[in-house]
Amino acid sequence: MRLSSQAGKRTTEIELSMTSMIDVVFLLLIFFMVTTSFRKTERELDPAVKSQQSSGQSSENNFEPVIVEVLVAGSATVYRIGSATYETDGELRNILRQFSNKADGAYVKAADNASYGAAARALQACKSAGFPAVSFIPWDGKLG
């Protein structure tokens with residue numbers, strides 16, 4: 001029995017197909033180019049809200065939002081802003097037009113015994129006075 005050194009050696013050459021690898025690389029390149037979004041990073045964006053850095057802040061910036069309370073006094077409906085009371089929605093509208101902080105919006109708070117119509121008239125008075133946003137607040141048991 002003769003052992004041959006040639007018999008145990010098998011020569012196989014490995015060939016890589018570069019064509020298919022290049023195709024895969026180009027497909028990945030195209031995929032990433034198409035799916036990439038070219039948006040500004042967050043630190044490059046301008047903030048939507050800018051703060052005013054001034055030493056003397058005006059009192060106009062410190063206004064509280066307008067709260068209109070709809071109350072029933074006896075058999076009549078009255079509207080109250082702060083400590084002032086108004087009997088008609090026309091008076092309420094005229095007073096509301098004088099507010100300068102309209103961008104803060106207005107809130108209408110109606111007592112439980114107030115009618116829906118009175119609350120709706122208060123909402124409409126705020127909207128007619130130029131408030132861009134008017135919200136209804138449920139009565140929480142406290143007025144004022």
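Helices here are DSSP runs of H or I with at least four residues, strands are DSSP runs of E with at least two, and both are numbered from the N terminus.

**Figure 1. The overall fold of the predicted model.** Read along the sequence, the pattern is α-β-β-β-α-β-α-β, made up of 3 helices and 5 strands. Residues are numbered from 1 along each chain as its sequence is written. Because this is a predicted model, local features need pLDDT of at least 70 and side-chain atom pairs count only at pLDDT 80 or more, while totals for chains, interfaces and linings use all residues, and side-chain values use heavy atoms, with hydrogens and water left out. Among contacts (heavy atoms within 4.5 Å) with a separation of 6 or more, 66% join residues 24 or more positions apart. The accessible surface (Shrake-Rupley method, 1.4 Å probe) is about 11,900 Å², and carbon and sulfur atoms hold 55% of that. Of the 144 residues, 19% count as buried; buried means under 20% relative accessible area, exposed over 50%, and partly exposed in between, using a 1.4 Å probe and protein chains only.

**Figure 2. A look inside the largest nonpolar core.** Such a core is a set of buried Ala, Val, Leu, Ile, Met, Phe, Trp, Tyr and Cys residues joined through side-chain atoms within 4.5 Å. This one has 19 residues, and Val68, Val70, Leu92 and Leu96 touch the most other members. At least two residues each come from strand E1 (66-73), strand E2 (76-81), helix H2 (89-96), strand E4 (106-110) and helix H3 (116-128). H3 gives the largest share, 5 residues.

**Figure 3. Valine 68 and its neighbours.** Leaving aside residues up to four places away in sequence, Val68 touches Tyr79, Arg80, Ile81, Leu92, Leu96, Tyr107, Val108, Lys109, Ala122 and Cys126.

**Figure 4. The salt bridge between strands E1 and E2.** A salt bridge needs a side-chain nitrogen of Lys or Arg within 4 Å of a carboxyl oxygen of Asp or Glu, and the count here is 2. In this view, glutamate 69 pairs with arginine 80, with their closest N and O atoms 2.8 Å apart. The partners are 11 residues apart, glutamate 69 in E1 and arginine 80 in E2, and link distant parts of the chain. Glutamate 69 is buried at 4% relative accessibility, whereas arginine 80 is partly exposed at 22%.

**Figure 5. The salt bridge within helix H2.** Here arginine 93 meets aspartate 89, the closest N and O atoms being 3.9 Å apart. The two lie 4 residues apart, about one turn of the helix. Arginine 93 is partly exposed, at 24% relative accessible area, and aspartate 89 is partly exposed, also at 24%.
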